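This report introduces a protein model to a reader who has not met it before. It proceeds from single side chains to salt bridges, and then to a pocket.

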Amino acid sequence: MAHLVVVGGGIGGLAAAAVLARLGHRITVLERREEFTELGAGIQLAPNAYHALDRIGIGSEVRARSVFVDALRLYDGTTDELINEMPLTGGYRHRFGNPYAVVHRTDLYRPLLAACRALPSVELVTGARVSGYAQDTAAATALLADGTRVRADAVIGADGLRSAVRAQLVGDGEPRVSGHTIYRSVVPMEIVPAELRANAVCLWAGPRWHFVHYPISGGRELNLAATKDDGAVTAVAGVPVERSSVLAEFTELGQVAGRLLALGDDWRRWVLCDRDPVDNWVDGRVALLGDAAHPMLQYAAQGACQALEDAVLLGDLLGPAEGAGTTAGHGVPLRLAAYGALRHERAGRAQLVAREMGRRVYHPAGVAAKERNAALSALTPDALHDTVAWLHGDREFRRAA
């Protein structure tokens with residue numbers, strides 16, 4: 001049995017803890033906040049996420065909370081014209097072996113947390129702000145801001161976009177501010193007019209802005225997210241904003257999308273950030289996972305999916321505790337090195353694809369928007385499925401293409 005410290009109690013950290021504990025290892029999760037909780041609203045889960053969730057052992061629990069959507073629809077946000085849609089039933093599910101769904105973040109997080117709490121080999125620690133790490137040939141140590149030191153066979157940095165573990169391991173400074181501001185709100189489905197409801201992820205693309213909506217919480221709520229390419233230079237997260245201010249940012253929205261945006265209330269604002277891909281996720285007995293390793297923009301809807309993939313492959317490579325002396329001791333650095341080598345290209349490609357989708361699909365204007373409409377409207381369902389196959393259909397979690 002190895003003892004592993006996981007820094008960060010978000011989706012990626014808890015997924016890693018559950019995977020590794022079920023393999024027989026002892027896990028200590030260090031969470032800087034005073035409770036284990038997840039902020040945010042809706043997220044999308046592609047089939048690769050469900051492949052991972054089944055491996056983690058909570059696939060059925062998350063499915064029970066999921067809304068299985070029928071399509072991804074792209075509209076011209078100024079004219080209400082449907083450009084194209086990717087069907088997500090029938091041939092899509094047969095090809096990729098799982099559905100595409102949307103959930104509230106808590107509907108993914110709570111099953112992960114429950115799985116960890118049910119495993120006696122997982123210790124969940126709150127109020128533990130990690131500032132860095134130390135290591136020698138025999139162990140790695142998480143260094144806490146209050147002077148506490150937690151020594152283990154390995155340290156897994158799953159501490160998010162502004163990871164303290166990454167700051168020491170990679171040293172690449174502050175995250176890259178994208179210049180895109182996103183406004184989020186969740187409204188009860190009962191206030192949505194029947195003619196505006198759709199069992200789909202609907203994306204309305206305009207010049208330097210877009211608007212997305214889809215049902216969550218078992219269909220009881222509608223998730224709204226509107227993004228403006230406004231050149232923002234300062235990162236903010238979850239700041240309340242007046243409804244009138246949000247509506248003023250999206251006056252070009254067509255009639256249908258405009259009616260939906262107007263339903264939003266209790267809006268909050270984030271400025272989106274990511275980082276450039278790197279190939280050095282591992283330093284001896286210390287490795288990065290999830291947003292600490294590969295933070296990405298939301299445009300490929302793969303942030304949580306890729307963190308779940310990380311957790312599963314990490315478990316595969318560290319192996320069961322019965323696999324003995326090589327997992328504890330000298331085998332750990334070699335296995336972590338293999339994890340980083342096998343994961344960084346795939347996750348790095350997802351980071352870059354997300355950026356490119358924002359530029360080429362979500363926010364083009366003028367001639368570029370007309371070219372986008374023409375190119376995407378010509379694609380058949382099979383062709384659309386081909387474009388996402390490398391992401392949605394992978395079950396090994398190590399292929400970049």
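Which side chain is joined to that of R343 by a polar contact of 2.7 Å? The model is a predicted one, and in it the partner of R343 is E309.

**R343 and its surroundings**

R343 is found in helix α10. With a relative accessibility of 0%, R343 counts as buried, because the term applies to residues under 20%. When neighbours within four places in sequence are left aside, the residues in contact with R343 are W281, H294, Q306, E309, D310, L313 and F397. E309 thus appears among these contacts and also as the partner in the polar contact of 2.7 Å.

**Helix α12**

Helix α12 spans residues 381-392, and its buried residues are L384, H385, V388, W390, L391 and H392. An α-helix has 3.6 residues a turn, so residues three or four places apart point the same way. The buried residues of α12 pack against α2 (47-56), β6, α4 (91-96), α9 (303-318) and α10. Helix α10, one of these packing partners, is also the helix that holds R343.

**Two buried residues in strands**

Strand β15 (residues 209-216) contains H213. H213 has a relative accessible area of 4% and is buried. Its side chain is joined to that of W204 by a polar contact of 3.0 Å. Apart from neighbours within four places in sequence, H213 is in contact with A200, V201, C202, W204, L222, N223, L224 and L260.

Strand β1 (residues 3-7) contains V7. V7 is likewise buried, and its relative accessible area is 4%. Where in the sequence does I156 stand with respect to V7, and how many Å separate their C-alpha atoms? V7 and I156 are 149 residues apart in sequence, while the distance in space is 6.0 Å from C-alpha to C-alpha. I156 is one of the contacts of V7 once neighbours within four places in sequence are set aside; the full set is L30, V130, V155, I156, G157, A158, D159 and V165.

**Salt bridges**

The count of salt bridges in the model comes to 21. Three of the pairs are set out below, each with the distance between nitrogen and oxygen.

| Salt bridge | N to O distance |
|---|---|
| R73 and E85 | 2.8 Å |
| R166 and D172 | 2.6 Å |
| R355 and D276 | 2.8 Å |

The salt bridge between R73 and E85 links distant parts of the chain: R73 lies in strand β5 (residues 71-76) and E85 in strand β6 (residues 82-87), twelve residues apart. R73 is partly exposed, at 24% relative accessibility. E85 is also partly exposed, with a relative accessible area of 28%. Strand β6, in which E85 lies, is among the elements against which the buried residues of α12 pack.

Is R166, which forms a salt bridge with D172, buried or exposed? R166 counts as buried, at 0% relative accessibility. D172, by contrast, has a relative accessible area of 31% and is partly exposed.

In the pair formed by R355 and D276, R355 lies in helix α10 (residues 331-362) and D276 in the loop between β18 and β19 (282-283), so the salt bridge ties together parts that are 79 residues apart in sequence. R355 is partly exposed, with a relative accessible area of 21%. D276 is partly exposed as well, and its value is 45%. Both residues belong to a network of salt bridges that links R176, D274, D276 and R355.

**The second largest pocket**

Rolling a probe the size of a water molecule over the atoms shows where empty space is left. The second largest pocket holds about 190 Å³ of space. Its lining consists of G40, A41, R184, S185, V186, D265, D266, R268 and W270. Two elements, β13 (176-188) and β18 (267-274), give two or more residues to this lining. Which element gives the most to the lining of the second largest pocket? Strand β13 does, with three residues. Sorted by class, the lining has three nonpolar, two polar and four charged residues.

Note on methods
Residues numbered from 1 in each chain as written. Predicted model: local features only at pLDDT ≥ 70, side-chain atom pairs only at ≥ 80, totals over all residues. Heavy atoms only, no water. 1 Å grid on protein atoms, 1.4 Å probe; cavity = no way out; pocket = protein on both sides within 12 Å on 5 of 7 lines; lining within 4 Å. Points joined across faces, edges and corners; volume = space filled by probe spheres on them. Helix = DSSP H or I, 4+ residues; strand = E, 2+ residues; numbered from the N terminus. Nonpolar A, V, L, I, M, F, W, Y, C, P; charged D, E, K, R; others polar. Salt bridge = Lys/Arg side-chain N within 4 Å of Asp/Glu carboxyl O. Buried < 20%, exposed > 50% of the residue type's maximum accessible area, 1.4 Å probe, protein only. Polar contact = N/O pair within 3.5 Å; in protein donor to acceptor, adjacent residues only side chain to side chain. Contact = heavy atoms within 4.5 Å.
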